[in-house]
Amino acid sequence: MELHSLKDSFDRVAKKRKVSYSKTHEVTDLIVQEINKAIKVMQSSTLEYKSELAELKKKLQEVSPLNQLEGAQKELNIALIKYPKALEKVFNRDISKAYQNIEFDSPIVNQIIASHFYRQGLFEVGDCFIAEAQDAEAAVAMRSLFQELYQMLEAMKSQNLEPALKWAAANSNKLKENGSDLQLRIHHLQFVKILQKGSRDEALKYARTNFASFAGNHMAEIQKLMGCLLYSDRLHESPYAHLLSPTNWDTVTDELTRQFCNLLGQSYESPLSATIAAGIQGLPPLLKFMTVMAGQKHEWQSMKQLPVPVELDKEFQFHSVFVCPVTKEQSTDDNLPMLMSCGHVLCKQSINKMSKNGSKTFKCPYCPTDIDLTQCRQLIF
């Protein structure tokens, strides 16, 4: 993708800047070192300073700072000159030709934007946006959804797990239905936290109180935690030192956010972030195609689907699609995929055409099986 070439250009600029920065510091340190040497000699000598200054001048000329810096700075300047050109080449300022004139549902769009602010914990910004958008009811509803989450996340930053433990206990049945072991993982962090303080008896009491209900499915993990009790005074030097890693807290924080959003019927990723990121990937090839179509005086505003396939990364592929192997067209509500008796799939219009609207059987394009329209079943992706 073109964005990859742009990233390569940016990386070259960053690399050249780093080299230039390092070279500047190296030369500067060398100059300062020579000056300090000269100062010490002059302070300890009773002779005139002229000879020492002349010697210092000679050494600085040997260092030749300008010549040393010129090469690295020149390479950096070249990279800086090329980068804006690459940026302008990839990002077309006029993107109007690549979108269709459709009517947006303004309240829905406003809720998506406000929801994005609340997801980031920017509650005052979200409130301000909703107030200007004059949609106060949505503000109250969405704010309350994410306020509890960020109270738990803020508490976890100071290693206070009580709010998270209360929420997980209140939603334990729903978490089990989702196949999540979040509640045990929070107890896990709390257990290690207590053990770090050197209170082995308190940690054992906590384990007996809170781990029993998880023994059926997580015995191996619980046994590992019990092994930590043997090293309560030197856990960082034990075989269980990895349990002290800060990444364990980050992992539980991410899982808490994911499960919280899941139980609310919300996606883990912000819809606004996902939309913009997908648009950044899909826009360059679409702009190229639109330029070609504009030159041929073709109009695509009335098309029901994109005129060219736009490749997006897997994280942006939320729904399955089917392209008929006969017509090479994507299925639609009026042309749904049909499963034939042999197990292969074609679009409805292709089957109708090949069977002459069901008046005769036809051979599957993939295998020699005779297909009867009445035996074909409709599929919905």
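**Figure 1. Helix α2 has the length expected of it.** This view comes from a predicted model. Helix α2 covers residues 49-63, which makes 15 residues. At 1.5 Å a residue, the helix should span 21 Å. Its end C-alpha atoms are 21 Å apart, so the expected and modelled spans agree. Serine 64 follows α2. The phi of serine 64 is positive, near 50 degrees.

**Figure 2. Confidence varies among the elements of the protein.** The average pLDDT of the protein is 83. A score of at least 70 is reached by 91% of the residues. Which element has the highest mean pLDDT? Helix α7 (residues 162-170) does, at 94. Helix α13 (residues 271-295) has the lowest, at 80. Where pLDDT is low, the predicted coordinates should not be read in detail.

**Figure 3. Two salt bridges link side chains of helix α1.** Helix α1 covers residues 2-44. Aspartate 11 meets lysine 7 in a salt bridge, with 3.1 Å from N to O. These two residues are four apart in α1, so about one helical turn separates them. Aspartate 11 has 33% relative accessibility and therefore counts as partly exposed. Lysine 23 and glutamate 26 form another salt bridge, at 3.9 Å from N to O. They sit three residues apart in α1, about one turn of the helix. Is each partner buried or exposed? Lysine 23 is partly exposed at 24% relative accessibility. Glutamate 26 is partly exposed too, at 47%.

**Figure 4. Arginine 185 and aspartate 181 form a salt bridge.** Their side chains meet at 3.6 Å, N to O. Arginine 185 has 23% relative accessibility and counts as partly exposed. Aspartate 181 also has 23%, and it too counts as partly exposed. How many salt bridges does a search of the whole structure find? It finds seven.

**Figure 5. Three strands make an open sheet.** Their order is β2-β1-β5, and the pairing is antiparallel. Why is one side of β2 and of β5 left without a neighbour in the sheet? Strands β2 (345-347) and β5 (377-378) stand at the edges, and each has a single partner strand. Strand β1 (residues 337-339) is joined to β2 by three bridges. Leucine 339 stands opposite valine 345 in β2.

**Figure 6. UniProt annotates residues 324-367 as a RING-type domain.** The annotation comes from an unreviewed entry. UniProt also places a "zinc finger region: RING-Gid-type" at residues 324-367, again from an unreviewed entry. In the model, the end C-alpha atoms of this span lie 16 Å apart. The span is 16% helix and 18% strand.

Note on methods. Residues numbered from 1 in each chain as written. Heavy atoms only, no water. UniProt positions renumbered as here; feature names shortened; annotations may be inferred. Expected span 1.5 Å × (residues − 1). pLDDT = per-residue confidence, 0-100. Pairing = 2+ DSSP bridges. Salt bridge = Lys/Arg side-chain N within 4 Å of Asp/Glu carboxyl O. Buried < 20%, exposed > 50% of the residue type's maximum accessible area, 1.4 Å probe, protein only.
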